[in-house]
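Please look through the structure shown here with a careful eye for how its parts fit together. The paragraphs after it go from single residues to the chain as a whole and back again.

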Amino acid sequence: TFIRPAPFKSTEPTINTNKPTILGKRYKKVKLIAKGGEATVFEVIDTKKSGNKSVALKRFICEDFDAANRNLAEISSSKFNHRNVLQYERVFLDIDNEEFALCVIMPLFTERSLRHYMDKYARKYKKKGKRLSVTTVLDFICQIASGLAHMHSCGVTHRDIKPSNIL
């Protein structure tokens with residue numbers, strides 16, 4: 001649940017990461033994974049499925065209900081059936097404390113982002129005075145461009161491309 005700070009502080013909501021919360025009436029928050037400019041990502045457990053398997057819930061705050069509804073319609077109508085685009089399991093609106101959020105349930109990946117790869121391998125190469133091969137770099141670029149081209153052909157623009165969002 002979100003706690004609104006006093007007006008003289010920030011208008012941004014703060015997250016109480018110590019208190020277990022149910023998001024979307026079925027996802028129990030395990031922990032906060034990341035908070036960025038566009039969204040907040042939580043590790044959650046689907047309380048309506050057996051097995052306690054963790055998934056990722058990406059929560060986009062929208063300025064109002066109409067914007068949330070437009071975003072929901074946009075992503076729900078898109079068929080991201082492409083090997084370079086993450087497949088989502090469920091998309092829904094979550095309304096909490098008069099905040100409107102678009103929530104996307106997707107597989108949980110740990111240590112598999114381009115940021116992780118860069119931190120782990122590219123720096124190791126640099127210390128040894130080596131560089132990633134041109135072939136490796138071009139392979140990454142082609143995969144990213146192919147996935148983005150597919151999304152654009154579906155009428156969706158990713159708005160937050162960065163290494164930590166490339167899985």
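In this predicted model, C154 is partly exposed, with a relative accessible area of 27%. C62, by contrast, is buried, its relative accessible area being 8%. What is the number of disulfides in the structure? The structure holds zero disulfides, and for C62 the reason can be read from a distance, because the closest cysteine sulfur, that of C103, lies 9.0 Å from its own sulfur, which is too far for a bond. A disulfide would call for two cysteine sulfur atoms within 2.5 Å.

With the cysteines placed, the overall layout can be described. The protein chain contains three helices and eight strands, and, read from the N terminus, these elements follow one another in the order β-β-β-β-β-β-α-β-β-α-α. Of the 167 residues in the protein chain, 28% are buried, while the accessible surface comes to about 11,300 Å², with carbon and sulfur atoms accounting for 53% of that area. Where contacts in the protein chain link residues at least 6 apart in sequence, 45% of them join residues at least 24 apart.

The strands offer a convenient way into the fold. Strand β5, which spans residues 40-46, runs antiparallel to β6 and is joined to β6 by six bridges; within this pairing, V44 has V55 of β6 as its bridge partner. On β6 there is also a pairing with β8, again in the antiparallel sense, and this one extends over seven bridges. One of the bridge partnerships to β8 is that of R59 with C103.

R59 itself deserves a closer look. This arginine lies in strand β6, and it counts as buried because its relative accessibility is 1%, against a cut-off for burial of under 20%. Its side chain makes a polar contact with the side chain of D94, at 3.1 Å.

From the strands the description can pass to the nonpolar interior. In soluble globular proteins, nonpolar side chains tend to be buried together. The largest nonpolar core in this model has 15 residues, and those with the most contacts inside it are C62, I75, F80, V91, L102, V104 and M151. Two or more residues of this core are given by each of β6 (54-62), α1 (65-77) and β8 (99-106), and the largest share, four residues, comes from α1. Apart from this core lies another, of nine residues, which includes Y27, V44, V55 and L57. V44 and V55, members of that second core, are the bridge partners already met in the pairing of β5 with β6.

Which residues does M151 touch, once those up to four places away in sequence are set aside? M151 touches F80, V85, V156 and H158. Of these, V156 lies in the segment after α3 (134-153) and counts as buried because its relative accessibility is 8%. V156 and F80 are 76 residues apart along the chain, yet 9.8 Å separates their C-alpha atoms.

The segment after α3 also holds L167. Is L167 buried or exposed? L167 counts as exposed, because its relative accessibility is 54% and the cut-off for an exposed residue is over 50%. Even so, when neighbours within four places in sequence are left aside, L167 is in contact with L86, F109, R112 and S113. For F109, which is 58 residues from L167 along the chain, the separation between the two C-alpha atoms is 7.7 Å.

S113, the serine among those contacts of L167, is found in the loop between β8 and α2 (114-127). S113 is buried, with a relative accessible area of 14%, and a polar atom of its side chain lies 3.1 Å from the backbone nitrogen of H116. Leaving aside its neighbours within four places in sequence, S113 is in contact with P163, S164, I166 and L167. The loop residue S113 is thus buried, whereas L167, one of its contacts, is exposed.

Definitions and conventions. Residues numbered from 1 in each chain as written. Predicted model: local features only at pLDDT ≥ 70, side-chain atom pairs only at ≥ 80, totals over all residues. Heavy atoms only, no water. Buried < 20%, exposed > 50% of the residue type's maximum accessible area, 1.4 Å probe, protein only. Contact = heavy atoms within 4.5 Å. Areas by Shrake-Rupley, 256 points an atom, 1.4 Å probe, with all protein chains shown as cover. Core = buried A, V, L, I, M, F, W, Y, C linked by side-chain atoms within 4.5 Å. Pairing = 2+ DSSP bridges. Polar contact = N/O pair within 3.5 Å; in protein donor to acceptor, adjacent residues only side chain to side chain.
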